[in-house]
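Me: Could you walk me through a few spots in this structure? I'd like short answers with the reasoning spelled out.

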Amino acid sequence: MMEIVLRNGIKLPGIGLGTWQITDRALMCKIIVDAVQNGYRLIDTAAAYSNEIAIAKALVAGGIRREQVLLSDKVWNTSRGFQKVQDACRRSLKKMKTDYFDLYLVHWPASIRLYPDWKEINAETWHGTII
């Protein structure tokens with residue numbers, strides 16, 4: 001399987017399992033377990049998907065150890081700015097029952113059309129993703 005190597009040496013799988021729009025929690029569990037059994041190692045979610053708790057439960061139910069997968073999560077628009085991002089990340093970590101995310105992304109940066117101070121907002125938000 002193709003991998004992408006980041007500057008810090010972390011290797012990301014070339015493909016991952018996206019969990020957006022999976023609303024059936026039993027199906028979520030089956031999909032995640034099947035995906036890991038078939039070689040998927042990246043699971044992507046976001047606070048806005050409202051499925052972080054279901055993913056954590058699926059990993060436990062499937063006997064999938066945290067070290068077996070890379071978890072990607074995203075902060076939502078309502079949590080822009082350093083402290084809001086930090087707080088949002090901690091809430092997501094708690095929901096996912098993990099101590100860390102392999103990737104923590106800004107779901108939607110502030111745009112120049114909507115925010116005259118977009119540069120400052122984005123800089124502060126991205127800075128907040130470093131925990």
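Below, a few residues and two helix pairs are taken in turn.

Me: Before we start, what kind of model is this, and how are residues numbered?
Reply: Residues are numbered from 1 along each chain as its sequence is written, and side-chain values use heavy atoms, with hydrogens and water left out. Local features need pLDDT of at least 70, side-chain atom pairs count only at pLDDT 80 or more, totals for chains, interfaces and linings use all residues, and the model is predicted.

Me: Is T125 buried or exposed?
Reply: T125 sits in helix 4, residues 118-128 (helices are DSSP runs of H or I, at least four residues, and strands are runs of E, at least two, numbered from the N terminus). Buried means under 20% relative accessible area, exposed over 50%, and partly exposed in between, using a 1.4 Å probe and protein chains only. T125 has a relative accessible area of 2%, so it is buried.

Me: Which backbone oxygen does the T125 side chain reach?
Reply: A polar contact is a pair of N or O atoms within 3.5 Å; within protein, one must be able to donate a hydrogen and the other to accept it, and residues adjacent in sequence count only if both atoms are side-chain atoms. One such pair joins a polar side-chain atom of T125 to the backbone nitrogen of G81 at 2.8 Å. The oxygen partner, at 2.8 Å, belongs to I121.

Me: Which residues does T125 touch, leaving aside neighbours within four places in sequence?
Reply: Contact here means heavy atoms within 4.5 Å. With those sequence neighbours set aside, the partners of T125 are R80, G81, F82, V85 and V106.

Me: How many polar residues are in the contact of helix 3 with helix 4?
Reply: From helix 3 come F82, V85 and Q86, which meet E124, T125, H127 and G128 of helix 4. Ala, Val, Leu, Ile, Met, Phe, Trp, Tyr, Cys and Pro count as nonpolar, Asp, Glu, Lys and Arg as charged, and the others, Gly among them, as polar. For this contact, that gives 2 nonpolar, 1 charged and 4 polar.

Me: Is helix 1 oblique or roughly parallel to helix 2?
Reply: Axes are lines fitted to C-alpha atoms, for helices over the stretch in contact, and angles run from 0 to 180 degrees between N-to-C directions. Helix 1 (residues 25-37) packs on helix 2 (residues 52-61) at about 55°, with the axes 9 Å apart. Angles under 35 degrees count as roughly parallel, over 145 as roughly antiparallel, 65 to 115 as roughly perpendicular and the rest as oblique. So helix 1 relative to helix 2 is oblique.

Me: How many charged residues are in the contact of helix 1 with helix 2?
Reply: R25, M28, C29, I32 and V33 of helix 1 meet A54, I55, A58, L59 and A61 of helix 2. The class split is 9 nonpolar, no polar and, for charged, 1.

Me: Is Q21 buried or exposed?
Reply: Q21 belongs to the loop between strand 3 (17-18) and helix 1. Although Q21 is not a glycine, its phi is positive, about 70°. Its relative accessible area is 59%, so Q21 is exposed.

Me: What is the phi of K97?
Reply: K97 is in the loop between helix 3 and strand 6, and at 71% relative accessibility K97 counts as exposed. K97 is not a glycine, yet its phi is positive, at about 55°.

Me: How far apart in space are Y100 and S72?
Reply: Y100 lies in the loop between helix 3 (82-96) and strand 6 (103-106). Its relative accessibility is 37%, so Y100 counts as partly exposed. Y100 and S72 are 28 residues apart in sequence, while their C-alpha to C-alpha distance is 9.8 Å.
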